[in-house]
Amino acid sequence: MQDTKFANLFRPLKIGDVELKNRAIFPPISTNFADENGHLTEKFVNHYVRRAKGVVALIIVENSCIDCPEAKKGAFQPAIDSYDFFDDWENFTRQVHKYDAKISVELAHPGFSERNVDSVSDEKIEKIIEQYANSAEIAKNAGFDMVEIQGAHGLLVNQFLSPFTNHRKDKWGKSTAFAITIREKIAERCGENFPVTIRLAVDDLKTGGIDEKLGREIAHAIADAGYDMIQADIGLGPKEKRLEPMPYPEGWRAYLAQRILPIDVPVAAVGMIRSPEIAENILEDGVDLVALGRTLIADPDWINKIRDGKIELIRKCIGCSECIKARHDEDVAIRCGVNPNVGNEEEITPAKSSKIVAIVGCGPAGLEAAEISAVRGHNVHLFCKQFGGQLNIAAVPPGKEKLRWLIEYFENSLSRFENITIHNGEFGKDDVIAAKPDEIIIATGAKPFAPFTLVEGMTFVYDSVLRGEIEFEGKNLVVAGAGLVGCETANFLADKNKITIVEMLPEIAPGVETITRNHLLNELEQKGVKILSKRKVIDIEMGKVIVENTDTSERDEITCDAIIIATGGKPYVPFTFGEIYHSIIGDAKSVRKIIDATSEGYEVAKSI
Ligand SMILES: Cc1cc2nc3c(=O)[nH]c(=O)nc-3n(C[C@H](O)[C@H](O)[C@H](O)COP(=O)(O)O)c2cc1C
Ligand code: SF4
């Protein structure tokens, strides 16, 4: 039953003459599911169809190329610049329309390498405008309900809009001229009634760029020129503000949408909108639509679950940035830390025969395995010392609270299965055997690894610090290890102590997604944390640590009150089971990330 608390979310709305059944839209998220020639794959289609099944009102397909290969962005960007791609798109819209969602596509030009528009010739400008119109016409003929112009994030339209990148003295020097001419040309080719929306930079968040006043003027000029909906977004400014990492608060940039109200066209807010309550509040405050990007990557059924009164079963995006790492750091197909089904979009089917499955350990790997095993009809025995496993301590450092969402999700989800028995507390091998399992899955996680001899009263391991077993205030501390765990432990301790991080490798927080890493390093810098890389801990004594420079072999003595060991973990497998079949998954197999834990839990449970 739909919860009346969310009445605004389910109110229909018109964009031009196109009626949306609710206020939730899926904004463009580049998936890298297209092929390298810009054609759509089955994976691509399935991904969007799955979001349409989740009852989203409008899907705006990811950034698509209007001039390939010159204006191509990323190795696997879909193309919509010629009728060579028409059949792909026509099939696509047919598939998505089966689920009563409206469909748009983001038409985008990345701009030029010099990142300003001053030297672009008139002829080139006219040509690009024609390309926008041409792509819009292909989209319309292929069955799209509307198109969206990418006018934010520092891409070409944003570059024309912004005084930071547009210093032209000709007619294109008027900031909205380019965007408005695109709108006019699309109307000429597709008719006045074919809606065109815009993802608009209403603030560049950059000195010398679009500010609050100019953003408002631009938005109103854009609405007056016939754009049918505005997604209020960020322009040229830091990437961190538009692909915000985990610590950012929910709905923090809805103010950008509120700021341009009242206005004659619907306005959408975007960014970190994760909870139905936050979405509803934003709508209550007068914004017309909420754009749910990673929210719907993590859980395509977000809206279904609200409609059905099951909000506790929403698997919220935790902001782990694995999708961003895939798309932006690695240029490979996106993946999700909490939704292993992204890209597969498969139905979980019942197993051929129901088995007794014992799962030893209840961190993300074990919990995911338990859920999927239960969905498949197995009888699950979950042996559990602490529900959530290492997520409990991972959620402690500043800005990491969203990790608790995943624990809460599993608590709610697993409690609805009658075929899951949770054995809480200490357990041994005999307890597992007593459940008479046909299959055993070991998901016992990792234990901290300390490569030095510990000195009592001087050395402490990071997990005891994060668990609150030992507290420090006003101390001079060394944290040994600058992987993600070391940096986050340092960040936690730095609120009340003076911290030096010592790391053997040259790089700090290697392998962490770039925006998240920069955010964390910036925070450490602001808190005055000193980082010594290429330093090996040689000796620990009461009151001091001896470190050696790995390049020069020079030794230094660091005076400190304590040293916190955060040099990572080691797989922890307390017992094995001889000939009874078992799989080892997650950190118990090899210490990695949440995404590895959930995906291995998912895969192993699918195979039983
Ligand atoms: C992996 C990834 C790819 C994205 N690709 C696009 C894109 O193609 N075009 C675009 O305008 N925005 C893109 N975005 C930005 C999203 O549309 C959205 O504005 C942003 O993720 C913030 O909303 P959210 O917190 O709901 O995800 C992308 C974001 C992510 C995480
Ligand atoms: S990968 Fe992480 S950030 Fe991206 S949608 Fe999934 S949970 Fe959210």
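**Exercise 1. In what order do the five strands of the open sheet that includes strand 16 and strand 23 come, and is their pairing parallel or antiparallel?**

Keep in mind while you work that this is a predicted model.

Step 1. Walk across the sheet: the order reads 16-23-17-18-19, and the pairing is parallel.

Step 2. Now look at the edges. Strand 16 (459-461) and strand 19 (530-532) each have a single partner strand, so one side of each is left without a neighbour in the sheet.

Step 3. Check the twist. On average, neighbouring strands here are turned by 25 degrees against each other, ignoring direction.

Step 4. Zoom in on one edge. Strand 16 is joined to strand 23 (residues 562-565) by three bridges, and the two run parallel. To find your place along this pair, pick Thr459: its opposite number in strand 23 is Ile563.

**Exercise 2. Work out the layout of the open sheet that holds strand 11 and strand 12, then place helix 12 on it.**

Step 1. This sheet has five strands in the order 13-12-11-14-25, with parallel pairing.

Step 2. At its edges you'll find strand 13 (420-424) and strand 25 (582-584); each has just a single partner strand, so one side of each lacks a neighbour in the sheet.

Step 3. The average turn between neighbouring strands is 15 degrees, direction ignored.

Step 4. Follow strand 12 (residues 379-384) to strand 13: five bridges join them, and they run parallel. Cys384 sits opposite Asn424 in strand 13.

Step 5. Add the helix. Helix 12 (residues 364-375) lies across strand 11 (356-360), strand 12, strand 13 and strand 14 (439-442). Against strand 12, helix 12 runs at about 165 degrees.

**Exercise 3. Describe the surroundings of ligand 1, starting with the residues that come nearest.**

Step 1. There are 23 residues around ligand 1, and Pro28, Ser30, Glu106, Met272 and Arg294 come nearest.

Step 2. Sort the shell by character: nine residues are nonpolar, six are polar and eight are charged.

Step 3. Ask which helix gives the most to this shell. That's helix 11 (residues 322-330), with three residues.

Step 4. Go through some atom pairs, each ending on an oxygen atom of ligand 1:

- Pro28 brings a backbone N or O atom to 2.6 Å from a ligand oxygen.
- Glu106 has a polar side-chain atom 2.7 Å from a ligand oxygen.
- Gln150 places a polar side-chain atom 2.9 Å from a ligand oxygen.

Step 5. Finish with the surface: ligand 1 taken alone exposes 600 Å², and the protein buries 97% of that.

Technical notes
Residues numbered from 1 in each chain as written. Chains lettered and ligands numbered in written order. Predicted model: local features only at pLDDT ≥ 70, side-chain atom pairs only at ≥ 80, totals over all residues. Heavy atoms only, no water. Near = heavy atom within 4 Å. Polar contact = N/O pair within 3.5 Å; in protein donor to acceptor, adjacent residues only side chain to side chain. Areas by Shrake-Rupley, 256 points an atom, 1.4 Å probe, with all protein chains shown as cover. Helix = DSSP H or I, 4+ residues; strand = E, 2+ residues; numbered from the N terminus. Nonpolar A, V, L, I, M, F, W, Y, C, P; charged D, E, K, R; others polar. Pairing = 2+ DSSP bridges. Axes fitted to C-alpha atoms, helices over the stretch in contact; angles between N-to-C directions. Contact = heavy atoms within 4.5 Å.
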